[in-house]
Amino acid sequence: VEQRALATAVDELLEEALRDRLPLEAYVPRLLSELCKATASQAALLQSYDENLALRAFGFPDRTPFVDEWRARVALVTDERKAFVAREAEVTIIGEHLDVAGELFGCLALRIPRSLPDNTSDDEVARITALPHVLGHL
C-alpha cells in the first residue's frame, strides 16, 4: 500500500472520529490495524495523551505483550525526537515520536517481521521509519 493510500485511510478514520466525537480507544485500534496492514507489520503500539491528557498506551492486535515489552524502550529514544530502531533475529522494531504543534505527544512503533541488516544505511532506515509520520497528527 502506498503512503498516500494509508494517509487517506487514516484521514477518513480521523474524520469519522472527530465527527462522532469518539474517544481514542474507539478508533486507535482501527488506525493501528490499517498501519500494520499497509506496512506488513505484526504489531503496533501507540503511546499518546487521551482526551483527559492522561498518557495511554494502545496496541494492535489488542494489548499484545509487544506493547508492554517495548513501550518504555521506544519512548526513551523517541522522547529525544530520535528514530528508534532495534534489530532482532527475525524482526525489526521501528519507532518515531508523535508531535502536536511542535510539542512531544507520544510515540508510535511497529514490529516488522524481518530483520534489517546491521549495514542498512541511514537513508534506508529513514525511509522505513517515515511511514509512522502519517499518524503524527493524532
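Start with helix H3: select residues 65-78 in this predicted model. You'll have 14 residues on screen, reaching 20 Å from the first C-alpha to the last, close to the 20 Å expected at 1.5 Å a residue. Now put Arg-71 in the middle of the view: H3 bends there by about 40 degrees.

Next, show side chains for Phe-66, Val-67, Trp-70, Val-74, Ala-75 and Thr-78, the buried residues of H3. As you look at their spacing, remember that an α-helix has 3.6 residues a turn, so residues three or four places apart point the same way.

What do those buried residues pack against? Turn on the strands: S1 (43-49), S2 (55-60), S3 (84-87), S4 (92-100) and S5 (103-112) are the partners of the buried H3 residues.

Zoom in on the aromatics. The model has 2 aromatic pairs. One to pick out is Trp-70 with Phe-84: the ring centres sit 6.0 Å apart and the planes make 75 degrees, so this pair is edge-to-face, being over the 60 cut-off. Trp-70 belongs to helix H3 and Phe-84 to strand S3, so the pair ties together parts 14 residues apart in sequence. Colour by accessibility here: Trp-70 has 1% relative accessibility and counts as buried, and Phe-84, with 7%, counts as buried too.

Last stop, S1 and S2. These strands run antiparallel and are joined by 6 bridges. Click Leu-45, then look across to S2 for its bridge partner, Gly-59. Follow the chain round the hairpin that S1 and S2 form, with 5 residues between the strands. In that turn, stop at Leu-53, which has a positive phi of about 60 degrees.

Key. Residues are numbered from 1 along each chain as its sequence is written. This is a predicted model: local features need pLDDT of at least 70, side-chain atom pairs count only at pLDDT 80 or more; totals for chains, interfaces and linings use all residues. Side-chain values use heavy atoms; hydrogens and water are left out. Helices (H or I, at least four residues) and strands (E, at least two) are DSSP runs, numbered from the N terminus. The expected span of a helix is 1.5 Å times one less than its number of residues. The bend at a residue is the angle between axes fitted to the seven residues ending there and the seven starting there. Buried means under 20% relative accessible area, exposed over 50%, partly exposed in between (1.4 Å probe, protein chains only). Contact means heavy atoms within 4.5 Å. Rings of Phe, Tyr and Trp (its six-membered ring) pair if their centres lie within 6.5 Å; planes under 30 degrees apart count as stacked, over 60 as edge-to-face and the rest as tilted. Two strands pair if DSSP finds at least two bridges between them.
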